[in-house]
Amino acid sequence: MKLASLKGGRDGRLVVVSNDLAWYAPADAIASTLQAALDDWERCEPMLRAFAETLEHGGVPRERFHEHDAESPLPRAYQWADGSAYVNHVALVRQARGAEMPESFWTDPLMYQGGSDSFLGPRDPIPFADERWGLDLEAEVAVITGDVPQGASEQAALDAIRLVMLCNDVSLRSLIPGEIAKGFGFFQSKPASAFSPVAVSPDSLQGWRDGRLCGALEVELNGKPLGEADAGVDMTFGFGRLIAHAARTRKLGAGTIIGSGTVSNRGPDGGPGRPIADGGAGYSCLAELRTVETLQLGAPNTAFLKAGDIVRIEMRDERRRSIFGAIEQQVAGEQEAASR
């Protein structure tokens, strides 16, 4: 089952999308928004599944699905908590800024609570205010949960996953060290994120295994491949663990989004991954590429994002068909960003 939210109103308009992403049908008769469906999932989920099946067989009036018309599946959410499940990425980025890597990072998940009151649409421009802030992309996998009780087990947490999607967790790298030094976490360094046009139920994903989404996460920058790391490889903590971690001391409400953190694969020798041009899986963010350049060359060669750059994030099935649709965003110029 594939669901999307078309632009219209603050929370979008819920639609069911065909498996090939070619068609959609409004789901208003079941729930007006995705959040409304999540709040009443036991009633809505079987109805949405039946509706999706009917759509696949052409049994309901349908219209062409255009990804540019889609908001992020949840245009705003009650909670957005991003983990850092690919500890290889954490180790590299911390190494680049000279920060010690505690051993506990390999056994206890990292997580921060991001801003969830307003997400960017998957084709919306990325606001650009100051090049000195070090604007970066971060390609991730994310899940939307139902209600999760406090103290939920990893299995209960897995069972609470309703939908899976992709994420561009936008970061301002140059602001991170100063915020971390205060000992109170990210805030200004984490502006609005964007999610894929379509969210997919786990049972519809061939690559979904044990709370991990296996498959190459394709990342392009200005039309050139940047990364194709396998999201199911080197993921130290699966989503069951991440959700249970988030719910250790509090319950999570339906519509909570949990992110995997930047997808990252080690190299064959267990060290940093290699660029795609060198036969490696590449990188899902510029910070990791810059770290590898620093380790190898003594300084980074790659600049952070600038106005006009275009980022594309996508995952395809074994027949090269897009699974979630593409996040494709252009970095806005300063004047355009100021007008938004």
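This is a dialogue about reading a predicted protein model.

Visitor: Where should I start: how many helices and strands does the protein have?

Guide: Begin with a count of the regular elements. The protein contains 8 helices and 19 strands. Keep in mind that the model is predicted.

Visitor: How do I judge the overall form, and what is the radius of gyration of the protein?

Guide: The idea is to set the radius against what a rule gives for the chain length. For 340 residues the globule rule gives 20 Å, and the radius of gyration here is 19 Å, close to that value, so the protein is as compact as a globular protein of that length. Its C-alpha trace spans about 60 × 45 × 40 Å along the principal axes.

Visitor: And what share of the residues is buried?

Guide: Buried residues account for 54% of the 340 residues. The accessible surface of the protein is about 15000 Å², and carbon and sulfur atoms hold 48% of that surface.

Visitor: What can contacts say about how the chain is arranged?

Guide: Look at how far apart in sequence the partners are. Among contacts between residues at least 6 apart in sequence, 72% join residues at least 24 apart.

Visitor: Which residues touch the most other members of the largest nonpolar core?

Guide: That core has 67 residues, and the ones with the most contacts to other members are Phe 65, Val 164, Phe 239 and Phe 324. The helix that gives the most to this core is H6, residues 239–246, with 5 residues. Apart from this core lies another one, of 32 residues, which includes Val 16, Ile 30, Trp 41 and Ala 52.

Visitor: What does Phe 65 touch, leaving out residues up to four places away in sequence?

Guide: Its partners from the earlier part of the numbering are Ala 4, Leu 6, Val 17, Leu 21, Ala 22, Trp 23 and Tyr 24. Phe 65 also touches Ala 70, Pro 197 and Val 198.

Visitor: Back to H6: how many of its residues are buried?

Guide: For a helix, count the covered residues and then name them. H6 is mostly covered, with 6 of its 8 residues buried. They are Phe 239, Gly 240, Leu 242, Ile 243, Ala 244 and Ala 246.

Visitor: How do I read a residue that is not buried, such as Met 101?

Guide: Place the residue first, then check its accessibility and its partners. Met 101 sits in the loop between H3 and strand S6 (111–114). Its relative accessibility is 23%, so Met 101 counts as partly exposed. Setting aside neighbours within four places in sequence, Met 101 is in contact with Val 87, Val 90, Ala 91, Arg 94 and Trp 106. Val 87 is 14 residues from Met 101 along the chain, and their C-alpha atoms are 10.0 Å apart.

Visitor: Where is Ala 91 found?

Guide: Ala 91 belongs to helix H3, residues 87–96. Because its relative accessibility is 23%, Ala 91 counts as partly exposed. Between Ala 91 and Thr 249 there are 27 Å from C-alpha to C-alpha, and the two are 158 residues apart in sequence.

Visitor: Is Glu 42 buried or exposed?

Guide: Glu 42 has 79% relative accessibility, so Glu 42 counts as exposed. This residue is part of helix H2, residues 41–56. Glu 42 and Gly 298 are 256 residues apart along the chain, and 55 Å separates their C-alpha atoms.

Visitor: What is phi of Asn 222?

Guide: With backbone angles, look at the sign and at the residue type. Asn 222 is not a glycine, and its phi is positive, near 55°. The residue lies in the loop between strand S15 (216–221) and strand S16 (224–230). At 40% relative accessibility, Asn 222 counts as partly exposed.

Visitor: And where does Asp 210 lie?

Guide: Asp 210 is in the loop between strand S13 (208–209) and strand S14 (212–213). Asp 210 has a positive phi of about 55°, although not a glycine. Its relative accessibility is 66%, so Asp 210 counts as exposed.

Visitor: Last, how far apart are the mean positions of the positive and negative charges?

Guide: The protein has 34 positive and 47 negative charges, and their mean positions are 1 Å apart.

Notes. Residues are numbered from 1 along each chain as its sequence is written. This is a predicted model: local features need pLDDT of at least 70, side-chain atom pairs count only at pLDDT 80 or more; totals for chains, interfaces and linings use all residues. Side-chain values use heavy atoms; hydrogens and water are left out. A nonpolar core is a set of buried Ala, Val, Leu, Ile, Met, Phe, Trp, Tyr and Cys residues joined through side-chain atoms within 4.5 Å. Buried means under 20% relative accessible area, exposed over 50%, partly exposed in between (1.4 Å probe, protein chains only). Helices (H or I, at least four residues) and strands (E, at least two) are DSSP runs, numbered from the N terminus. Contact means heavy atoms within 4.5 Å. The radius of gyration is taken over C-alpha atoms; the globule rule is 2.2 Å times the number of residues to the power 0.38. Accessible areas come from the Shrake-Rupley method with a 1.4 Å probe; for residues, only the protein chains shown count as cover. Lys and Arg count as positive and Asp and Glu as negative; His and the chain ends are not counted. The place of a charge is taken as NZ of Lys, CZ of Arg, CG of Asp or CD of Glu.
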